[in-house]
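Trainee: I would like a close look at a single helix and its surroundings. Please take me through one part of this model, then set it in the rest of the fold.

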Amino acid sequence: METRMEIPTQTKPLSIAAPLLSVRTEVRIERILCPVDFSPFSGRAYDYAQSIAGQYRATLVVQHVVDLGQHPSADFSVSATVYEDFRAKLIADAQNDLQEFVKKYGGDSPERIVQEGMAAEAILSLSQERSISLIVMGTHGRRGFDLLMLGSVTQDVLRNASCPVLAVCHTIPV
């Protein structure tokens, strides 16, 4: 008895039983925080924040933090009254400067907040309190010794924020 085995001469391509499905979650940006220090870098970040807020119909919050540690003369005040007057003037000036900043860069009227404290801590705290979806901030591009000695607010926020952070670079295209 002879057994014959057939060898197929043509192979059929494999077909996939079900199409591949891609699951895509929608990004919801409802509240954007844009911390500013009134520099051109902040202005550039503010432009991005306004654009993103417009695209997503998100609420825009603009924040400036007055850091008394940046004003060594505050430590040399003669009395508590003089210190409090100096502090109050810094806060009032910052509120005026923030209003002018928003006017200069235009766009819809965002919520404006002036706080006292250390910048990175105040930014992170406000982002938690307000359930911020995205932080948009400028970077000065410090390098070397300046970065080592002064640190970077943007770097601290990038490392510790509980939401995405868009760091807008310091270079301005020509």
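Mentor: What follows looks at helix α3, then at the elements around it.

The model is a predicted one. Start with the frame. The protein has five helices and five strands. From the N terminus, their order is β-α-β-α-β-α-β-α-α-β. The chain counts 174 residues, and 32% of them are buried. Take the contacts with a separation of 6 or more: 75% of these join residues 24 or more positions apart.

Now α3 itself. The helix covers residues 119-129. Which of its residues are buried? They are A120, A122, I123, L124, L126 and S127. What do these buried residues pack against? Their partners are β1, β2, β3, β4 and α5. In general, nonpolar side chains in soluble globular proteins tend to be buried together.

Look at A122, one residue of α3. A122 counts as buried because its relative accessibility is 10%, and the cut-off is under 20%. Setting aside neighbours within four places in sequence, A122 contacts Q63, V65 and Q115. The pair A122 and V65 deserves a check. They are 57 residues apart in sequence, yet their C-alpha atoms are 7.0 Å apart in space. V65 falls within β2, which runs 59-66. β2 is also among the elements that the buried residues of α3 pack against.

Next comes the helix partner, α5. This helix covers residues 153-160. The two helices pack at an angle of about 35°, and their axes are 9 Å apart. The crossing is right-handed. On the α3 side, the contact is made by A119, A120, I123 and L124. On the α5 side, V153, D156, V157 and N160 make it. By type, the contact residues are six nonpolar, one polar and one charged. The general rule on spacing is useful here. An α-helix has 3.6 residues a turn, so residues three or four places apart point the same way. Compare A120, I123 and L124 on one helix with V153, D156, V157 and N160 on the other.

What follows α3 in the chain? After the helix comes S131, with a positive phi near 50°. A similar check applies to α2, which is followed by G106 with a positive phi of about 70°.

Now widen the view to the cores. The largest nonpolar core has 24 residues. Among these, I32, C34, Y46, L60, V66 and V136 touch the most other members. At least two residues come from each of β1 (31-35), α1 (40-56), β2 (59-66), α2 (80-105) and β4 (134-138). The largest share is that of α2, with six residues. C34 shows the packing in detail. Beyond residues up to four places away in sequence, C34 touches A45, Y46, A49, L60, V61, V62, Q63 and V136. Q63 appears again here, having been a contact of A122. A second, separate core holds 14 residues, including A120, I132, I135 and A161. A120 is also one of the α3 residues in the contact with α5.

Stay with α2 for a moment. Its buried residues are L90, I91, A94, L98, F101 and V102. They pack against α1, β2 and β3 (111-116). β2 and β3 are also partners of the buried residues of α3. Does the length of α2 agree or disagree with its residue count? It agrees, because 26 residues at 1.5 Å a residue should span 38 Å, and the end C-alpha atoms are 37 Å apart.

Finish with the loops on either side of α1. Two residues sit in the loop between β1 and α1: F38 and S39. F38 is not a glycine, yet its phi is positive, near 75°. F38 counts as partly exposed because its relative accessibility is 26%. S39, by contrast, is buried, with a relative accessible area of 11%. S39 touches F101, Y105 and H140, leaving out residues up to four places away in sequence. F101 is one of the buried residues of α2. On the other side, R57 lies in the loop between α1 and β2. R57 has a positive phi too, near 55°, and is likewise not a glycine. R57 is exposed, with a relative accessible area of 76%.

Notes: Residues are numbered from 1 along each chain as its sequence is written. This is a predicted model: local features need pLDDT of at least 70, side-chain atom pairs count only at pLDDT 80 or more; totals for chains, interfaces and linings use all residues. Side-chain values use heavy atoms; hydrogens and water are left out. Axes are lines fitted to C-alpha atoms, for helices over the stretch in contact, and angles run from 0 to 180 degrees between N-to-C directions. Helices (H or I, at least four residues) and strands (E, at least two) are DSSP runs, numbered from the N terminus. A crossing is left-handed if the near helix is turned anticlockwise from the far one by less than a right angle, and right-handed if clockwise. Contact means heavy atoms within 4.5 Å. Ala, Val, Leu, Ile, Met, Phe, Trp, Tyr, Cys and Pro count as nonpolar, Asp, Glu, Lys and Arg as charged, and the others, Gly among them, as polar. Buried means under 20% relative accessible area, exposed over 50%, partly exposed in between (1.4 Å probe, protein chains only). A nonpolar core is a set of buried Ala, Val, Leu, Ile, Met, Phe, Trp, Tyr and Cys residues joined through side-chain atoms within 4.5 Å. The expected span of a helix is 1.5 Å times one less than its number of residues.
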